[in-house]
Structure formats: C-alpha cells, structure tokens
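Trainee: I am new to this structure and would like to be walked through its ligands and the spaces inside it. Could we begin once it is in front of us?

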Amino acid sequence: MIHSTFIDSALIRIFRFRTRGFLRMAESDGAVPPVPREGGCYLYVHIPFCEVLCPFCSFHRVQHCHEAAVRYFAALRAEIWHYQHAGFKFDGVYFGGGTPTTEPDELIETIGLVKRLFGVREISVETNPKDLQPALLGRLREAGVTRLSVGVQSFDDTLLREMERYEKYGSGADTAERIRAAAGMFPTLNVDLIFNQAHQTLESFERDLDLFRSLGANQVSCYPLMTAPSVARRMEGAMGAPDRGRLRQFFRIILRKLQPDFTASSAWCFTKRGQGSDEYIVASENYVGVGSGAFSYLDGTLYATSFSLAAYEERIAQGRTGIVTSHRLSEGDRMRYALLVRMFGLGLDREWARRRHGRKFFWRLWGELRTLELLGAARRNARGWVLTEDGMYWLMLMMSEFLESVNGYRDAMRAHVHEELEAYGKPAPSQTEPHPVPMGVTCMESPAPAGPRLTRT
Ligand SMILES: C[S@@+](CC[C@H](N)C(=O)[O-])C[C@H]1O[C@@H](n2cnc3c(N)ncnc32)[C@H](O)[C@@H]1O
Ligand code: SF4
C-alpha cells in the first residue's frame, strides 16, 4: 500500500472543500417529497431508543422509555402510510437506531406493515448483543428479517468496559456465544466492530477478527472510530483520544484477516463469498428516512426530519411527514455525492453515470477521477472504474469524514431540543411536578441507567 500521512490529510482537505455544500439544509414544509424518477428506493426507519447511551455514539438516540417508544412507533407507522399514499415503492427496509429491538412487539408490527404495504423482501434490523435471545430471534426470523446486524464493537472486555457496554450488553465471551448460536438463522448475520480506539492494540483487533471468523456470522462492518463535538469530551474521558495516524495499520489488518474468504461489499463492509446482502447506503440510489432524526435522499435532494420526538409526533398527527429541513444539491454536488457513494461501494459504472448525469459527468469530475487514478486509488476497466485496496482505505477515510460532518448537523439539531432529549428515561416525577418528557409521557418502567449520563447530547 502506498500511503503517507501527508497524502491522507491532503485528500481529506480537498474532500472537505469539494463537499462543503452537501449539508446546507434550510427549513422545509414537511410535505411528502416527490417519488424519485429513476433508480431504486430504500426505506430507512429510525428508532432512537437505547438501554445505554454509549459515550462514543453520536447517532440520534435517547434513553429507552416504554411509553414514549409505543407512541413513537405508532407515529412511525402513520408516517409510513403517508409515503404509501403518495405512491412510494421500496426495494427493501432498514431498521436502524438507536436500537430497534428495544420494543420487539412494536418492531414486529411495523415490519408487518412495511411488508404488507410494499411487499419488501429485504428487511434489515440493527440490534445489540443482549437482545440476541432465542425467543426474539425466532420472532424476527418469522417476521421475515433477512439481515440482522449486531453492534459488538469489540470482544475485548477491557475495551467493552471503557465503552460502558460490558455491564449492560455482556462480556466479549458472552456475546461471541450468542452470535454463534444465532449464526445460520438469517440469510445475513452482520457484526459491527469499531477500530482505532485509543487503547485498542493491533493485536486486540486481530483477535477480534479471528474470533469473528470462528463464529459463523457471514458479514462484518468495520468502522473507524468517529466522533462529534457533542460526544468528544465524554468519549475521550471514557476511552481516550484516538490517533488517526494508526488508521492505515488497522485497515491493513482488516484486509489481511478477511481476505480471501470474505469479499468487500463496500470500503468497510465484508461479506462471506457468495452470501448476504449489502448495507443500504450503497444498495440503493434513493432512500426515504422515517422517524425522528432520519435523512432521506431523493433525486438529488437531501431531507432531514425533526430531532424532537414530540415535534415529530405532532407533525405526523397533522398529516405531514417528519421532514423539517431540506437541501437541493447543486448539479456538481449531486455528481460528487454519486461518485462518493459509488466509489465507496467499490466502483463506478461508466454507463450508469452517463445515464444518470449525462456526458458532462466525466468532464465535470475529471479532476476527481484523474486524482483517484494517479494516486492508484481507482483503475479503469471495460465498464468504468474499480477501487483498488489503496482506494478502499481512502474511501473509508472520506466516508467517515462525510459521516462526521453529518454528526455536526445532528449535534446542531439536537442542541435545539437538548432538554427534551435529556428528559427521556429520567425517573418518574412526583405528582406535583410537571413531567419533563413532553406530551404526557411517563417513564416509570425505564429507570435511569447505572452508568454516567451524557453531559451534552
Ligand atoms: C446505531 S448503532 C446500532 C447498534 C446497537 N444500538 C448497538 O450499539 O449494539 C450502529 C453501529 O454504529 C457504530 N457506531 C456508533 N457510534 C460510532 C462511532 N462513534 N464511531 C464508529 N462507529 C460507531 C457501531 O458499530 C454500532 O454498532
Ligand atoms: S452504539 Fe448503539 S446502544 Fe450505544 S448509544 Fe449508539 S445506538 Fe445506542
């Protein structure tokens, strides 16, 4: 691999500059967006509830609260109906979070609705290691789940303790046993691992990958540890500050350990040869995100829903979607976004690019494509461009840079409703005090977690 820290940081600077217009979100009215004219469409359903709020996680999530979750799922199903009435069709559905399995009955009812309305066959669900219980797994399989994705992060108990996951989700050995037992129950069983944690040694990560390979799961997503201003302090306090200079060493281990019996589905997702389905971001050109704090991308326009669960529910009750902001990407940005997503998915098909964006795609992105070629990140073949191993490393860096900028947007939106988000999962108030969680929700069944709380979400 030809790498140097200088090239890495130069590339990231150029990438930041060229993609600075992606997230210029402005207020939007909440009407259902137009059905995309071309390309497939995926449905993403966001469930923000979690039993533990991990110190490193910058997703939109709140402390689990049963009553709030039941109301939320009802709003989700109503929003899904809005899209059905507007004529949307989906190729598949992805339930992410947060932790979708915190309310199994509600989740299964929602899966049933999506299947009935859209006839989807690809159903992906995220979960945590503790929820890998035989009864729940059986129900998910019966409901038609085709891909179960487990947030393992690491099998190393020292790191799990730092991540504040050991107590709640179990030791590395417990998690490994549960995954072994679940292997074969779903067409795709994915394990999420995080690399480049400050106190993670290369040897510890190698052991994680070796153990993963022995468990029978057929997909692994290896994410570099990312951050956001809102969690940086708490994350560094609990886990230390990651050193970006080690990223390439970790990435080399991923390639060495997973090849040859796993093939890359994207720059950070690897699937056992001939098995499994991919992550939704690379599987489809368009996606609709429903729920609070969800993003949609439809025909070149980005949309985001409200990060207030209360405001989200209110909008849905008024017959609108949860959308509060949107941004029509410029023509150049639409092309650059397509290039990022396609290359992250390992290659760009020339014919596809010409059909979607016209011949100008190639001269407008001449600089980007030429740079990738000159660096040895992509090479031409008969169909277009394919990513090399060096290219996978750089696309992994660029995608994490992009997701960190999304984290910045999430932070800003969550800061507006900080008090509401903090209130979920707080102990039930006395009769005389007004309850902090809006819309009359009480959380008596969800006592506050033992671990430390977020100082800022
Ligand atoms: C939204 S979580 C859902 C999984 C489930 N809630 C759990 O944690 O067990 C999806 C994945 O995002 C990844 N993730 C969360 N925060 C991250 C961060 N700061 N850096 C890298 N990956 C992160 C984790 O690997 C996690 O499993
Ligand atoms: S990593 Fe998973 S369990 Fe932890 S806070 Fe994020 S979504 Fe919730």
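Trainee: Which residues are around ligand 2?

Mentor: Before answering, note that this is a predicted model, in which local features need pLDDT of at least 70 and side-chain atom pairs count only at pLDDT 80 or more, while totals for chains, interfaces and linings use all residues. Residues are numbered from 1 along each chain as its sequence is written, chains are lettered from A and ligands numbered from 1 in the order in which they are written, and side-chain values use heavy atoms, with hydrogens and water left out. A residue counts as near a molecule if one of its heavy atoms lies within 4 Å of it. By that rule the residues around ligand 2 are Cys50, Val52, Leu53, Cys54, Phe56, Cys57, Arg61, Gly98, Thr99, Arg165 and Tyr169.

Trainee: How do the residues of the shell around ligand 2 divide by class?

Mentor: The classes put Ala, Val, Leu, Ile, Met, Phe, Trp, Tyr, Cys and Pro under nonpolar, Asp, Glu, Lys and Arg under charged, and the others, Gly among them, under polar. With that sorting, the shell around ligand 2 comes to 7 nonpolar, 2 polar and 2 charged residues.

Trainee: Which residues come nearest to ligand 1?

Mentor: The shell around ligand 1 has 8 nonpolar, 7 polar and 3 charged residues. Of the 18 residues in this shell, the nearest are Phe56, Gly97, Gln153, Arg165 and Asp192.

Trainee: How much of ligand 1 does the protein bury?

Mentor: Polar contacts (pairs of N or O atoms within 3.5 Å) link ligand 1 to the protein at several places: one of its nitrogen atoms is 3.1 Å from a polar backbone atom of Gly98, one of its oxygen atoms is 3.3 Å from a polar backbone atom of Gly151, and a polar side-chain atom of Gln153 lies 2.6 Å from an oxygen atom of the ligand. Taken alone, ligand 1 exposes 570 Å² (an accessible area from the Shrake-Rupley method with a 1.4 Å probe). Of that area the protein buries 95%.

Trainee: Which peptide bond is cis?

Mentor: Gly98, already met beside ligand 1, has its place in the loop between strand E5 (92–97) and helix H3 (104–118), where helices (at least four residues) and strands (at least two) are DSSP runs numbered from the N terminus. The cis peptide bond, with omega near 15 degrees, is the one from Gly97 to Gly98.

Trainee: What is phi of Gln153?

Mentor: Gln153 lies in strand E7. Its phi is a positive value in a residue other than glycine, near 70 degrees.

Trainee: Where does ligand 1 sit?

Mentor: On a 1 Å grid over the protein atoms alone, a cavity is a set of points where a 1.4 Å probe fits but cannot get out, and a molecule sits in one if more than half of its atoms lie within 2 Å of its grid points. The structure holds 5 cavities of 30 Å³ or more, and ligand 2 sits in the largest cavity. By the rule just given, ligand 1 sits in the largest cavity.

Trainee: Which helix gives the largest share of the lining of the largest cavity?

Mentor: About 1,200 Å³ of space lies in this cavity, and of the 48 residues that line it (those with an atom within 4 Å of a point), the closest to its centre are Phe59, Gly97, Glu126, Tyr223 and Arg410. The lining divides into 30 nonpolar, 12 polar and 6 charged residues. Its largest share, 6 residues, comes from helix H17.

Notes:
A polar contact is a pair of N or O atoms within 3.5 Å; within protein, one must be able to donate a hydrogen and the other to accept it, and residues adjacent in sequence count only if both atoms are side-chain atoms. On a 1 Å grid over the protein atoms alone, a cavity is a set of points where a 1.4 Å probe fits but cannot get out, and a pocket is an open set with protein on both sides within 12 Å along at least five of seven lines; lining residues have an atom within 4 Å of a point. Grid points are joined across faces, edges and corners, and a volume is the space filled by probe spheres set on the points.
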